[in-house]
Amino acid sequence: MDHLKAINQKARRIQEHVAPPGGGSAAAGGAPVPSPLPADPGDLDVVGLESREGPHIPLGCSLVFAPGWEVDSTGGTAGLCQPVERDLFDCHLACFWPAHVPDQLNHAPDWTGKCAAAQKDWRKIDLIFP
Amino acid sequence: MKRLALQVGGAAVPLLLLAPAFASAQESGADTTNTGIPVTDQLVIDSCDRCHAVDDDGMMTRVSYMRKTPEGWQQSIRRMVTLNDVELDPEVARDIVRYLSDSHGLAPEELRPGRFEVERRLIDWSYEESHEGDEDVDRVCSSCHSMGRVVIQRRTKEEWDLLMAMHRGYYPLSDTQGFRRFGPPAPGATDTRQPMDKAVAELSGKFPLTTAQWTSWSATMRPPRLAGTWALKGHDPGKGPIYGMVEISEAADGADFTTRVSYAYARSGEQVEREGRAIIYTGYQWRGRSFEGADAMSVLREVMMVERGWGEINGRWFAGDYDEFGPDVTLLRADGPVVLGLHPVAMRSGSTTTVTVHGVNLPTGLGTADLDLGPGVEVVSVARSDSEVLAAEVTASDNAAVGARDVFLAGRPVPGHLTVYETVDRILVTPEAGMARLGGGAFPKGFAQFEATAFSDGPDGKPETDDDLNLGFVDVEWSMEEYSAIFDDDDIEYVGTLGTDGLFQPALDGPNPNRDGLRNNVGDVWTVATYRGPDGKEVRGRAHLIVTVPLYMRWEPWRVQEMPIPRRRTSDMGNER
């Protein structure tokens, strides 16, 4: 919240509401209220999509169809990342689904070398036999 | 990229037998000892000791502390070649696979629960049910690959740890994708371990290096003597039962055995002749290939187990880019007469049909009195009676007792039963959950074969109860229906076609410009079987079919780029949308 500044009445009310008791109050005349400083200055940093508990998992459509490459989390195909070619390069680079997609780290560093965009050049992607 | 074409039938290598190095065996419990299996083969030592040191006791780092299938060892060697700059001639690699499979292999009892993995079966299987396994452990491994790959390995605890480390090193994201997914446990949980820690503990307990089964098997393992005549029975999904014969001979070259196979489809009468070669690993693991004449496209891989007693061999023969085609087979030693089964296995009361009894070395010239189908089912005439088939016209009277009845041929029991029924009440479509993969553009198609089995409700008149009568494989009319997963679901227009023989042919891979969001032709549909009885009554059954994306990486160790394209799909490489 430290990076945000309330610019209307509703926002100021919200700010006041979330402020801890004794941490600050709305000044007369509706002047902006300074946010209470967090106990840990490191908490000022806000990183997009960051998860503070557990490992950081980059958000991508791969998450949508866990637990499997073939099916989505409901056991069907409606939630698969589509078209799959949109997701392939991310999987390749991150070694996601290494049992299904060639990994860029070891087995197939040049797998995507022949295609600038898999959605257009998908016929140029090779099937890899390690 | 370097590739190894490891094929059955390489240079001649004697089957090496090793006494186990360990004196004591333990049934279960984490194998935390450092007792390993010495590597004594000089070829293996010379090929591997650049990285894997051998100590004074003959223990080779890593290799001495794990046991695997031939496919497992083959995969390890391929990884050494592709990622660790090992250079091996294919012949040497074959010999190494053979030595390690024999001396660092699995006992039959150890392989059996996970044999579906090497037999390449697409089945519903649960690690929790099969091995009383932990759900988190299952998830750690099967987030990426089959649990079957895991349960057919044996390692010390340190080796299971190192296997985790290998995954982390080669595939860093596996740490979050599987090893620590959904962890750590919630505050207050009694078990505070991460899923990967549970996995190492459980796997080293359930699948330790040292087991009573392996100690016993490896101490007395020997090459099985299989030469001779064998009777063959099997089931080819979509085509029905097969019956025939296999002549197994000792091979003069790198293989252990050569085979001459002849069988016929009971439904169609279609005859098949094949010739093959096979190696036996670990004293019981049959790995072979067979062909129709010189036609490389007709290849079937053979993965079977030779049962103790050397009287039966069973497993699966398969082909296809995703190993989706091919029969389940059982071979029975046929020193004398062997009766294999009959076809069809059911008939309606009040009907007349031709029943065939199949076998090897059957008595010939039999008459109507030699086929005993029990009261109410009369043998009208015998059209054929030779050493392999007896064919008879049979009539079931209107009041023949409903149910399964024993059948005898010249006094010998015929395996299975003839079931007399009144109505077909239920159609079961199998597999109940099928999967096909888009292909034909850049990647191969993965087909799905469905078949229909009829049931009668039995005496209680209720479906799906213990007294239901299985009436066997029946002819049906196939169609597809939408499996509605979302509003306005239209998968059925894109996924592919279902043939009159129950074979689903998936559509083209790649983004479809005619579909919303360039979606691939993926989708969920019902495959519907409609059976029509003689009275015109329709009975329907259906199965869920998932048509999904291809695999872009293939790990099966025998699969190489030069592999021929099986004939059954070359005509299906069109550009249909």
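## A tour that starts at a small sheet

Select strand β24 of chain B (residues 451-456) together with β21(B): the two strands run antiparallel and are joined by 5 bridges. Strands are said to pair if DSSP finds at least two bridges between them, and the names of elements follow DSSP runs numbered from the N terminus, helices being H or I runs of at least four residues and strands E runs of at least two. This is a predicted model, in which local features need a pLDDT of at least 70 and side-chain atom pairs count only at pLDDT 80 or more, while totals for chains, interfaces and linings use all residues. Residues are numbered from 1 along each chain as its sequence is written, and chains are lettered from A and ligands numbered from 1 in the order in which they are written.

**The three-stranded sheet**

Stay with the pair and pick out T430(B), which has E451(B) of β24(B) opposite. Then add β25(B) to the selection, and you have an open antiparallel sheet of 3 strands in the order β21-β24-β25. Its edge strands are β21 (426-430) and β25 (469-473) of chain B, each of which pairs on one side only. From one strand to the next the twist averages 25°, where angles are taken between the N-to-C directions of axes, lines fitted to C-alpha atoms (for helices over the stretch in contact), and run from 0 to 180 degrees.

**The barrel**

Now select β3 to β10 of chain B, where 8 strands close into an antiparallel barrel in the order β3-β4-β5-β6-β7-β8-β9-β10. Here the average twist between one strand and the next is 30°.

Within the barrel, show β5 (residues 257-265) and β6 of chain B, which pair in the antiparallel sense over 8 bridges. The bridge partner of Y263(B) in β6(B) is V272(B). These two strands form a hairpin with 5 residues between them, and G269(B) in its turn has a positive phi of about 80°.

Move along to β6 (residues 271-281) and β7 (residues 285-292) of chain B, an antiparallel pair joined by 7 bridges. Along this pair R277(B) stands opposite R289(B), and Y281(B) stands opposite Q285(B). β6(B) and β7(B) also form a hairpin, with 3 residues between them, and the turn residue T282(B) has a positive phi of about 55°.

**Strands around β13**

Next select β13 of chain B (residues 352-360), which runs antiparallel to β11(B) (residues 338-343) and is joined to that strand by 5 bridges. One pair to label is H343(B) with its bridge partner in β13(B), T356(B). β13(B) pairs with β16(B) (residues 389-396) as well, in the antiparallel sense and over 7 bridges, and there T353(B) stands opposite V394(B).

**Two crossing helices**

Turn to helices α7 (residues 135-142) and α11 (residues 195-206) of chain B, whose axes come within 8 Å and cross at roughly 100°. That angle makes α7(B) roughly perpendicular to α11(B), because angles of 65 to 115 degrees count as roughly perpendicular, with those under 35 counted as roughly parallel, those over 145 as roughly antiparallel and the rest as oblique. To see where the helices meet, show side chains including V137(B) and V140(B) in α7(B), and A199(B) and E202(B) in α11(B); residues are in contact if their C-beta atoms, placed from the backbone, lie within 7 Å. The residues of this contact divide into 6 nonpolar, no polar and 4 charged, with Ala, Val, Leu, Ile, Met, Phe, Trp, Tyr, Cys and Pro counted as nonpolar, Asp, Glu, Lys and Arg as charged, and the others, Gly among them, as polar.

**Stepping back to the domains**

Colour chain B by domain: domain 1 covers 42-220, domain 2 covers 228-333, domain 3 covers 339-421 and domain 4 covers 426-570, with bounds from an automatic or database domain assignment. In chain B, 13 residues of domain 1 are in contact with 12 residues of domain 2. On the domain 1 side, select α3 (90-103) and α5 (115-118) of chain B, the elements that give two or more residues to this contact; the largest share, 3 residues, comes from α3(B).

**Both chains, and confidence**

Show both chains, and 34 residues of chain A are in contact with 41 residues of chain B. The chain A side of this contact divides into 23 nonpolar, 7 polar and 4 charged residues.

Finally, colour by pLDDT, the predictor's confidence in each residue, from 0 to 100. Chain B averages 89, with 91% of its residues scoring at least 70, but over its residues 1-28 the pLDDT is below 50, as is that over residues 563-577 of chain B. Where pLDDT is low, the predicted coordinates should not be read in detail. The model scores ipTM 0.79 and pTM 0.84.

Methods:
Two residues are in contact if their C-beta atoms, placed from the backbone, lie within 7 Å.
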